[in-house]
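The exercises below are to be worked with the sequence and the three-dimensional structure at hand. Each task is followed by a solution in steps.

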Amino acid sequence: MDAKIHAEMRKTIAQFAFSGELQECIPFGSGHINDTYRLTFQEENGPGRYILQKMNKEVFRKPAELMENICGVTTWLRRKIREDGGDEKRETLNVVPAVDGRPYYIDSDGEYWRVFYFITDAVSYDHVRDDRDFYESAVAFGHFQRLLADYPAETLHETIEKFHDTVDRLAKFDAAVRADVCGRAASVAEEIRFVQERRDLAHVLCDMQAAGELPLRVTHNDTKLNNILIDNRSGRAICVIDLDTVMPGLSVNDFGDSIRFGASTAEEDERDLTKVKLDLHLYEVYVKGFIEGCAGALTDRELEMLPMGAVLMTFECGMRFLTDHLEGDHYFKIHREGHNLDRARTQFRLVREMEQNMPQMRAIVENYR
Ligand code: ADP
Ligand code: GN1
Ligand code: MG
């Protein structure tokens, strides 16, 4: 076994029923929330790979409930995939239970760990390489929603309360500005003003949901491109991953979060804001794929509100990054000073771009409905 693998880590790994000798344990991926590692074992038929994750307890307060959601949803997906003649080992996450049979292990510090089979020959991308990937991810997220359309939503736990309640996000942002625990508010007056000028925006979708104009569906709620695995050989989006936030939500938010991340011409944390533009061509590619993936499931009102979903998810995400910057970066992992502020700025630039392009965004949806 690799001597560099920490003794504590080895203890944790021993709590899952692996066969063969552990060869490698390396940090993996670029998620902002969990600590992710890729494990490699020397097994009888060659290298066996797994994903080991320390779940973020600050973010997910009830990890056991969360894993109940994931087990329920992946069992459901496996059945649907089998019925469709698919490959249940590659087209959904598969949990590896701990030796005591539970879908997680709690270490002596009270940290929750879990393991998934590693899906080989597939990659998650942090930015769009070409139209095809983005189109594929759109079909996959739409399809995912459709596969779960008749899932018993009442059995799902709310893993993060009010996750996409933009009105509540605004209230939390207000509180962070008022408390100003790090003394950073004065230095971000311009960004704070950006939010203040758009307070009404926060209400649009919440009000429609409350009035029953938009249906509550089982949604993914974190539809970034890097939460999809693209098959190296076929180029198809084979698996939707990061199921921590699967819970009842709005289809337009799932659409919107993908646009926020994938139809921007720059990375989420780009410092040069002149590089941040909305790519209307990529937007169109995603609209086409998502509507196809949902296969007629969306109501007229949902279709009409897709562009608003993009604006709101981008605005909300920017507000969340700015809130975290004000509160001392305790939620999103940062890799440099001011990282969350940089992220907030790209989101706000993108909101502005979307506001300016709203007529075109609406016309594109009209073309595909
Ligand atoms: P986070 O919530 O921190 O974003 P994710 O569950 O998205 O964590 O995992 C982080 C990264 O690990 C993903 O972007 C992906 O690259 C990789 N990953 C996660 N699960 C698997 C899997 N089963 N097979 C292959 N790669 C995976
Ligand atoms: C987080 O877990 P990850 O990195 O896929 C966050 C999303 C944000 C995103 C911004 C549980 O996603 O809500 O949109 O960062 N996930 C959670 O990049 O808060
Ligand atoms: Mg992720």
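**Exercise 1. The metal site**

Which residues coordinate the magnesium ion (ligand 3), and through which atoms? Place each of these residues in the chain and classify its accessibility.

Solution. The model is a predicted one.

Step 1. The magnesium ion (ligand 3) is coordinated by Asn227 through OD1 and by Asp242 through OD, at 2.2 Å.

Step 2. Asn227 belongs to the loop between strand S8 (217–219) and strand S9 (228–231), and Asp242 to the loop between strand S10 (237–240) and strand S11 (247–249); the pair therefore ties together parts that are 15 residues apart in sequence.

Step 3. Buried means under 20% relative accessible area. Asn227, at 5% relative accessibility, therefore counts as buried. Asp242 has a relative accessible area of 24% and is partly exposed.

**Exercise 2. The second largest pocket**

Describe the second largest pocket by its volume, its lining and its position relative to the domains.

Solution.

Step 1. The second largest pocket holds about 610 Å³ of space. Its lining consists of 21 residues, of which Glu58, Val59, Ile160, Lys172 and Tyr331 are the closest to the centre.

Step 2. Helix H2 (63–83), helix H4 (166–179) and helix H9 (300–327) are the elements that contribute two or more residues to this lining. H9 supplies the largest share, four residues.

Step 3. Sorted by class, the lining of the second largest pocket comprises 12 charged, five nonpolar and four polar residues.

Step 4. Why does the second largest pocket lie between domain 1 (3–120) and domain 2 (131–368)? Both domains give residues to its lining, so the pocket lies between them.

**Exercise 3. Cysteines and disulfides**

Determine how many disulfides the model contains, and examine Cys71 and Cys182 individually.

Solution.

Step 1. The criterion is a pair of cysteine sulfur atoms within 2.5 Å. By this rule there are zero disulfides.

Step 2. For Cys71, the nearest cysteine sulfur is that of Cys239, 15 Å away, and Cys71 is in no disulfide. With 25% relative accessibility, Cys71 counts as partly exposed.

Step 3. For Cys182, the nearest cysteine sulfur belongs to Cys317 and is 19 Å away; Cys182 is likewise in no disulfide. Its relative accessibility of 36% makes Cys182 partly exposed.

**Exercise 4. Positive phi angles outside glycine**

Examine the backbone angle phi at Asp180 and Asp329, then locate both residues and assign their accessibility.

Solution.

Step 1. Asp180 is not a glycine, yet its phi is positive, at about 40 degrees. Asp180 sits in the loop between H4 and helix H5 (189–196). At 23% relative accessibility, Asp180 counts as partly exposed.

Step 2. Asp329, also a residue other than glycine, has a positive phi near 60 degrees. The loop between H9 and helix H10 (339–356) contains Asp329.

Step 3. Is Asp329 buried or exposed? The relative accessible area of Asp329 is 17%, so Asp329 is buried.

**Exercise 5. Separation in sequence and in space**

For Ala295, Arg132, Ile51 and Leu350, state the location and the accessibility class, then set a sequence separation beside a C-alpha distance.

Solution.

Step 1. Ala295 lies in the loop between helix H8 (280–294) and H9. At 46% relative accessibility, Ala295 is partly exposed. Ala295 and Arg146 stand 149 residues apart in sequence, and their C-alpha atoms are 7.7 Å apart in space.

Step 2. Arg132 is part of helix H3 (residues 131–147). Its relative accessible area is 40%, so Arg132 is partly exposed. Between Arg132 and Ala237 there are 9.6 Å from C-alpha to C-alpha, with a separation of 105 residues along the chain.

Step 3. Ile51 is located in strand S3 (residues 46–54). At 13% relative accessibility, Ile51 counts as buried. Ile51 and Asp254 are 203 residues apart in sequence, with 25 Å between their C-alpha atoms.

Step 4. Leu350 is found in helix H10. With a relative accessible area of 1%, Leu350 is buried. How far apart in space are Leu350 and Val285, C-alpha to C-alpha? The distance is 18 Å, for two residues 65 apart in sequence.

Key: Residues numbered from 1 in each chain as written. Chains lettered and ligands numbered in written order. Predicted model: local features only at pLDDT ≥ 70, side-chain atom pairs only at ≥ 80, totals over all residues. Heavy atoms only, no water. 1 Å grid on protein atoms, 1.4 Å probe; cavity = no way out; pocket = protein on both sides within 12 Å on 5 of 7 lines; lining within 4 Å. Points joined across faces, edges and corners; volume = space filled by probe spheres on them. Nonpolar A, V, L, I, M, F, W, Y, C, P; charged D, E, K, R; others polar. Domains from an automatic or database assignment. Buried < 20%, exposed > 50% of the residue type's maximum accessible area, 1.4 Å probe, protein only. Donors = N, O, S within 2.8 Å, 3.2 Å for Na, K, Ca; no water.
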